[in-house]
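Subject: Handover of a structure for your review

Dear colleague,

Please find below the structure that I am handing over to you. My findings follow directly after it.

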Amino acid sequence: QTKIAIGTPPIAEVEAAFVAKDEGLFEKNGLQVEFLPTGSNQTLVAALVAGSHQIVAVSPTVMLQAVESGIDLVVVANCGVTSPRTAKNVGLAVREGVAIDKPEDLLGKKIGTPSIGGTLDILFRQWLKQKKVSDKGITFIEVPIPNTADVLKGGTIDAIIAGQPSLGRAVAQSNGKIAFHFMSDLPADIPYTTFVTTREWAKANAATIAAFRTSFGQAADFIGKNQDKTREIVSKYTRLPLEVLSKIELPECKPVPTVAAIDYLDKAMREGGMLKSKIDTAGLIAP
Amino acid sequence: MIAMQSQSTASKKTVPDSEMSTLEPRIRISDVTLSYGALQIIGGISVDIAPGETISVIGPSGCGKTTLLRMLAGLARPTSGSVELDGAVLGGPDRSIAIVFQDYGKALLPWRTAAGNVSLALEARGCPAKERPAIIQDLLQKIGLGRHADKYPSEMSGGMQQRLQIARCLAQEPKVLLMDEPFGALDAMTRQALQDEVLGLVATTGATMVFVTHDLEEAIYLGDRIVCLQPNPGRIGRIVDVRLARPRDQLLTREDPEFLRLRRELYDLIKDDHQ
Amino acid sequence: MIAMQSQSTASKKTVPDSEMSTLEPRIRISDVTLSYGALQIIGGISVDIAPGETISVIGPSGCGKTTLLRMLAGLARPTSGSVELDGAVLGGPDRSIAIVFQDYGKALLPWRTAAGNVSLALEARGCPAKERPAIIQDLLQKIGLGRHADKYPSEMSGGMQQRLQIARCLAQEPKVLLMDEPFGALDAMTRQALQDEVLGLVATTGATMVFVTHDLEEAIYLGDRIVCLQPNPGRIGRIVDVRLARPRDQLLTREDPEFLRLRRELYDLIKDDHQ
Amino acid sequence: MTGFSFRKFGLGLSGLAAFLLIWKLVTDAKIVSPIFLPGPERTFTALMNGLAGGPLLGQTVETVERMLLGWLLASLVGILLGALIGVSRRARTYIAPTLELLRPLPASAMIPIAIAFLGFSDQMVLVVIAFGALWPMLLATIHGFAAMEPRLYEVSAVLGLNRLQVIWKLALPSAMPMVLASLRLGLTISLILAVVGEMLASREGLGQSILLASRSFRSADLFAGIVILGAIGLIGSRLLSMAERRLLRWQASSR
Amino acid sequence: MTAAFGKSWRAALLPLGVIAVAQITATATRLESDSLASPAAIVLALFSVIADGSLLRATFDTLTAAFFGCIIGVGLGSLIGIVLGLFRLADDLLDLTIELLRPVPVVALIPVVMMLLGFGASMEVVIISLGLLWPSVVLARAAVKEVEPRLMEVSAVLQLGFSARLRKVVLPAILPQLFMSLKLAAGYALVVAVTVEITANPFGLGYGIMMAQQALRPAEMFAYLVWIGTIGWVISMGLNAVQRIFFPAYAKGERQ
Ligand SMILES: Nc1ncnc2c1ncn2[C@@H]1O[C@H](COP(=O)(O)OP(=O)(O)OP(=O)(O)O)[C@@H](O)[C@H]1O
Ligand SMILES: Nc1ncnc2c1ncn2[C@@H]1O[C@H](COP(=O)(O)OP(=O)(O)OP(=O)(O)O)[C@@H](O)[C@H]1O
Ligand SMILES: [Mg+2]
Ligand SMILES: [Mg+2]
C-alpha cells in the first residue's frame, strides 16, 4: 500500500476522487489516500511543492500559470469536463430590468464571474470571442459563489456567470432569466479541474500514478452507472445538500487527460494576455 | 477616642466673638470615624468651623491629617459620623470646596502648561474664554510663576509645581479652601510671601480654610485655631485658640509674646505625644 | 555667573582641617553649567566635597537645587564642566551614589510593599535573600515604619512614603548620599529624630552627603558647609562654613550661639536675595 | 524640535540594509523556492516596471484612499465607544459585553455577510475595515481611562467637571500615548483589511493586484505590491509620529 | 456571584434585541439566500454541528493553534518591544524596517510559509505569531516609554542589570498594558487562525466556515461565526478573571 495525500477543492467537479475514495477503489489499487478538501488553488500548489501533498486538483488555468512561472507540474488525471449534457448547468444570469438578449448587449455591462482567470472565466471569454464581442468592453467583477444570488439581486452587477445551483437561485431571486447557456457553443472535454503533481514526483512514482489512473477510470465507470449513489458521495464530501445536488446534472467525468484540451486553454489564455512565455504543452501530461 | 467639641471661638477681627456662637458653622464635623477594613484610621473627630475661620491642623506623620482633609473635600466617605457643609450633609466633592493635594506631582495635568492647568479650574466653572488669560496671568503672578506660564509640569521644580496647584485652587474661587502641606517644598522666603498672599485672599473672599502643616510657626501664623491630632487612630488631642490680632505681619506677629508662648505650648504638646 | 571655589574646609571632627586640603575630594564639581535648549538653568558651579563631608544646599524655589543633585547622581549630563567622583569623571548613575528624590510618590514601586521597596536596593547589590528580611526590618524600624512593612505606597501617608524612600537609599549602603528635601513632608519631631538617625549613619559609614533643604536650621544642624544658591541661572551665592562641634545635639547645638549667629546670617542672606 | 536627526536616519537605513542583505542571503540560499519568494533585485525590477508603465500607481491611490477612510471611521467609532464605556457604568453593562462578543469575529469572515447586505460596494469594504480596525482604539481608550492617575479623577471631582469635560480634558489626553500607539496599529490593520477587502470583494486596488499576481504565481509582482504596502505603512506611521511628537511634547521633555 | 448574574441579563439585552429583529425580518421577507440565514436556522445548524462532533474537533484545532501562536507572537513581540523601548539605539536601528514590515498582510505570506511547512498546525502557528508580532511590538514599546521616568532613574541609580530591570521595574510597570495587549492579541489570534483556515489550512473553525460557505449552507456558516464569537468572549472573560485574581492591585487602581 502506498500512502498519498490529495488536496482538492470541495466541488462536484472532482467527483471521481470522492467516489474512488468512498467506494474503496484506491485501496483496491494499492493506494492509501488521505483526502483533504481545501480552499484555494494557490495554497494547494504551495502544499504540493512543500511536499505535504502528492497530488492536488487545481483549475487547469492555474496549472498553466504555475508552469509558466517555473513550477514543473504534470497532469495526472482529469475529472469533470465540459460536455453538451451538462451545458445547461452553467449560464449567464441576468437580473430583471437589464436588457441583454444578444451578445452585443453585453458591452458596457458589469458582469460577475466566480474567479477571474478561472476556467469558467476563460471559457466565457472564448465564447465572447466567437460572438465577436470584445471582452475589453465589459467590466468583470469577481463574486464568490455563495454570494451569486444576493449580489445579482442587490443590483451592483447586471449579470453573472454561474453554475447550478446558484444559477437557478440567482435567476429566481432577481426575477431575471438565463440569457445564454454559453457552454453549448464551446468545445467539449475541457477539464474544469485537473489533478496535477510535480514532474519529479511523477518520475519517481510512475506505478502510483498508474494505480491512481486506474482508480479514476473505475470511478468514472461507477459514476456513469450510479448517478444517485454518486450524488450521495459528493454530498458527503462537499457537504452540498443532497436536495440541491439532485436538481442538477452531475459533471461529465473523463479522467484521461488530453493535450488538445490543454492546448485549447493555453491558446485562450495566451490571447487574453494571461500567459506570455512558451509552454511545452505536450510534455505536460505525466507519462 | 476623645472627641472634643471646641466651644471656644476664633478671635478673628471680622467676626466678633459674640456673633460667632450664634452663627451657623460653615463646616460641621460630627463624630467622624474612618476605617480601612479592620484598621481604624480616624476615630471620632468632631469640630465646628465657622465661616471665614482658618483652622490649622498639626500632628505626627501618618496620624490622619490627609485623611481628614479628604473627608472634608468629599473624596472619602466617613465610616460613621458626618461632615456637613452649610447645614447639608456633604455627599461628595463640591466645586465650592478646593483642595491642595499633598502629592502635587500627581495632581497636575502633565499635558497642560502652567497656564493650562490653572485654566482647567476656570473652564470647570464656565468662565468665558476671553476673560481667562487675564485671570490666569494674575494668579500665576501672585504665586510667583508669572514668567513660567508656558512650562509643562515636568519642566518645573517641586516648589513650582506646588505653587501651581495652589493657583489652580484659587482659580476655583472656593468657599472652603483645604490645604495639605501646601508649602512643604518651598524655601522660607517664598513660603512667607505665599502665607501672606493666602491670608490676604482668605480675608478678602471670606473663605474658610483648613490648613494642614507640620510647621508649628506656620500653624500659629495662619490659624484662628489649631487642631492637634494624635495618631492610632487619628483623633483630636487638643484645640488651641490663637488670640493674635489680624492682619498679621511676618515680623511683628512672630515677635508677639503670645506667638512665642503658643509655639512653646505646641512644641511641648507634640514632644509629649511623641514620647 | 560667579563661580566660587570654596577653599575653606569643613570642621568635621573626624577630618582635621590640616588634612583636608591634601585629601582627594570625593566629589569635584568643576565649572558645571546646564541648559535646556536656550535656557540656562545652572551657570558655572564649582565645589569640592571631601569624603565624609556633609554639604547642605539652600536656595529659593526653582533655583536649580534638584538639577544640581541630579547631575551629582549622574542622572543629568552637564552642558559644560564636569562632575568627578573619586577623581574619575562621572559618566552616569552609580550604585555607590544614592539619591532621595523630591517627588517621593513617583519614586516608589507602587506594586511592592514597603518591605519590597527596600528590598529592591538589596537585590540590586546582590544581597543574599536570607539576609534581607533582617536588614529590611532594621531599616524600617530606624525610620519609624517598623509596623508598616506590609503596606503598599498607596496606603501610606506622604511622610511615610518619604521615609520609605530614605530607607531604600540607606539600603544601598552608598558612599555618597544625595537628599532632595527628604524631610519636607514630616512633622517637626519625626524630622528631628530622622535628622539624628541620618547623621549617625553618615558618621558610622563615613558617607559623603549633599542635603537639599529649605529649612535653614536643618541646613545648619546637618551641614559642615552650607552652599547658598542664587537663581537665574543657578549659581553659588555664598558658601558658609558651619563650625559646630560633632556629634550634634538637637537641644544643645540649636542653643549654641554660633548656631544662632549662622541662622541670622543665612536669613539675612536669603532675604537680600529675595528682594 | 526639528524632529529630524541624521543619526537616527543613518541608523534606520543601516538597519534596513541589514534586512535587505538577510533577505538576499535567504533567497540566494534557496531555502524557499524562488517561485514563491523572490529576491530583492527581482522585486525591485517588478516594482519599477509596475510603477513606470504599469497600474501600480493608480491602485496605490485607490488602496490608500480606502485605508484612510476606513481608519478614520474606525478611530472615530473606537475612541467614542471607548470613552463611553470608560466613563459610563451603564454603557459598561449594556454595550461592552456585546462588543466583547463581536471582537473575535474574523473580519475576513464578515466580508461575505457584509457583501450580502451592502453588495460589492466601497461602503462594504469600508464597513469591514472599520469593524476590524476598531478594536485597538477601543481597548486603548478604555484602558487609558481606567489607568488614569486616580488623583486626577479626584481633581476633576473637586473642580466639578462634567462628564464630557472629564473625557475631553482629562481622560483622553491621559490616554493619549496609548491611543496614539493604537492609532498606529489601527492604521496598519486598516491597510491590511483594505487589501483583504479588495481581494475578497474584487475592488480595484493593490489587494486585487496582489491577489492576481499570487494566482498566476508572479511572486515578484506580489512582493512589489507588498513593498508598496510597506511604504504606505511607513509613511503613515511617520506622519503619525510627527503628530505624536507634537501632541506628546509634555512627555518628551520628561525624559 | 448573584450580583454578576443579576447584571448579565442587561448585557444580553442588546444582542437579544438584534437577534429578535433579525428573526422578524427573516420571517417577514421569507428569507431565502445562499449567504444569509435566520437566527432560528442558525441555532438549529449550531445544534447539528455540535451533535456530529465536528464543531468540537474544529474548536480544539483552532484554539490550539491560536494559543501557541498567541504565546509565541505576543511573547516575542513584547520582548522586542521592550528592548526597543529601553534602548534608543536598537529602536533607531530597527524602527524603519519594522515600520516597513508591519503593514504586510499575513494573508499574502501564507503561500511562502506554506512552501516551508506545508499544511498543518505549525504553519498556522507561524502565521498567527507573525500576525501578532508587530502589534505586540508596538504596544510594548509604547508602554515602556510611558513608564514613570522616576522609576527608570531609580533602576539606573541602583544599576540594575537588564534582566533585573526588566523583572523588577519594567515588567510590573507595564503589566496592565501587556495584559491589554494580550487581550487584543487573543482576539486577533482567533481572527488570524480562522482566516488562515478559511484561505488555506484544511482544519479548524475557519475551514468549517469555508466548507459551509462553499456548500451553500449559510445557517451553518453563521453557526460557526456565532460559536467563534462565543469562544472569543469566553476567553476574554477568562482573561479578565485572571487579571482580577493575579493583579488585584491593578484591578483596584483601574476601577477607581
Ligand atoms: N488606602 C489605605 N489603606 C490602608 N491604610 C491607609 C490607606 N490610606 C491611608 N492609610 C493609613 O492611614 C494613616 C493616615 O494617613 P494620612 O495620609 O491621613 O496621614 P497624614 O497625617 O497625612 O501623614 P503625613 O503627614 O505623613 O502626610 C496612615 O497610617 C496610613 O498608613
Ligand atoms: N526639563 C526641563 N525643561 C526646562 N526647564 C526645566 C526642566 N527641568 C527643570 N527646569 C527648570 O530649571 C529650574 C530649576 O529647577 P529645579 O528643579 O532644579 O529647582 P529647585 O531648586 O529644585 O526648586 P524647588 O525648591 O522648588 O524644588 C526651574 O526654573 C525649572 O523650571
Ligand atoms: Mg498627609
Ligand atoms: Mg527641587
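Please bear in mind throughout that this is a predicted model. I begin with the metal ions, continue with the two ligand sites, and close with chains B and D.

**The magnesium ions**

The magnesium ion listed as ligand 4 has C:Thr66, through OG1, and C:Gln102, through OE1, as its protein donors, at distances of 1.9 to 2.2 Å. C:Thr66 belongs to helix α2 (residues 65-72) of chain C, while C:Gln102 sits in the loop between β6 (97-100) and α3 (104-107) of that chain, so the pair ties together parts that are 36 residues apart in sequence. As for solvent exposure, C:Thr66 has a relative accessibility of 25% and is therefore classed as partly exposed. C:Gln102 has a value of 10%, under the 20% limit, and so counts as buried.

The magnesium ion listed as ligand 3 is coordinated by B:Thr66 (OG1) and B:Gln102 (OE1), at 1.9 to 2.2 Å. These two residues link distant parts of the chain, 36 residues apart: B:Thr66 is in helix α2 (residues 65-72) of chain B, and B:Gln102 is in the loop between β6 (97-100) and α3 (104-107) of chain B. B:Thr66 has a relative accessible area of 26%, which makes it partly exposed. B:Gln102, at 10% relative accessibility, is buried.

**The site of ligand 1**

Which chains contribute to the surroundings of ligand 1? Residues from chains B and C surround it, so the site is shared between chains. The shell holds 19 residues, of which B:Lys65, B:Thr66, B:Thr67, C:Ser157 and C:Gly159 come nearest. By class, these surroundings comprise 6 nonpolar, 9 polar and 4 charged residues.

Polar contacts to oxygen atoms of ligand 1 come from both chains. On the side of chain B, an N or O atom in the side chain of B:Ser61 is 2.8 Å from an oxygen atom of the ligand, and the corresponding distance for the side chain of B:Gln102 is 3.0 Å. B:Gln102 is also a donor to the magnesium ion listed as ligand 3. On the side of chain C, a polar backbone atom of C:Glu155 lies 2.8 Å from an oxygen atom of ligand 1. Taken on its own, ligand 1 has 640 Å² of accessible area, and the protein covers 89% of this. The elements giving two or more residues to the shell are α2 of chain B and α6 (158-171) of chain C.

**The site of ligand 2**

Ligand 2 is surrounded by 20 residues, the closest being B:Ser157, B:Gly159, C:Lys65, C:Thr66 and C:Thr67. These surroundings draw on chains B, C and D, so this site, too, is shared between chains. The shell divides into 6 nonpolar, 10 polar and 4 charged residues.

Three polar contacts may be of use to you. A backbone N or O atom of B:Gly159 is 2.7 Å from an oxygen atom of ligand 2. For a backbone N or O atom of C:Cys63, the distance to a ligand oxygen is 3.3 Å. A polar side-chain atom of C:Thr66 lies 2.5 Å from an oxygen atom of ligand 2. The accessible area of ligand 2 on its own is 650 Å², of which the protein covers 91%. Here α6 (158-171) of chain B and α2 of chain C are the elements that give two or more residues to the shell.

**Chain B: the annotated domain**

According to an unreviewed UniProt entry, residues 27-256 of chain B form the feature "domain: ABC transporter". In the model this span is 33% helix and 27% strand, with its end C-alpha atoms 30 Å apart.

**Chain D**

Chain D contains 12 helices and 0 strands. Its C-alpha trace spans about 65 × 50 × 30 Å along the principal axes, and 62% of its 255 residues are buried.

For this chain, UniProt (unreviewed entry) lists residues 68-89, 101-120, 126-146, 179-202 and 222-240 under "transmembrane region". Residues 68-89 are 95% helix and 0% strand in the model, and their end C-alpha atoms are 32 Å apart. Residues 126-146 are 100% helix and 0% strand, with 30 Å between the end C-alpha atoms.

Yours sincerely

Terms used:
Residues are numbered from 1 along each chain as its sequence is written. Chains are lettered from A and ligands numbered from 1 in the order in which they are written. This is a predicted model: local features need pLDDT of at least 70, side-chain atom pairs count only at pLDDT 80 or more; totals for chains, interfaces and linings use all residues. Side-chain values use heavy atoms; hydrogens and water are left out. Donors are N, O and S atoms within 2.8 Å of the metal (3.2 Å for Na, K and Ca); water is not among the atoms, so sites may look incomplete. Helices (H or I, at least four residues) and strands (E, at least two) are DSSP runs, numbered from the N terminus. Buried means under 20% relative accessible area, exposed over 50%, partly exposed in between (1.4 Å probe, protein chains only). UniProt positions are given in the numbering used here, feature names are shortened, and annotations may be inferred rather than shown by experiment. A residue is near a molecule or strand if one of its heavy atoms lies within 4 Å of it. A polar contact is a pair of N or O atoms within 3.5 Å; within protein, one must be able to donate a hydrogen and the other to accept it, and residues adjacent in sequence count only if both atoms are side-chain atoms. Accessible areas come from the Shrake-Rupley method with a 1.4 Å probe; for residues, only the protein chains shown count as cover. Ala, Val, Leu, Ile, Met, Phe, Trp, Tyr, Cys and Pro count as nonpolar, Asp, Glu, Lys and Arg as charged, and the others, Gly among them, as polar.
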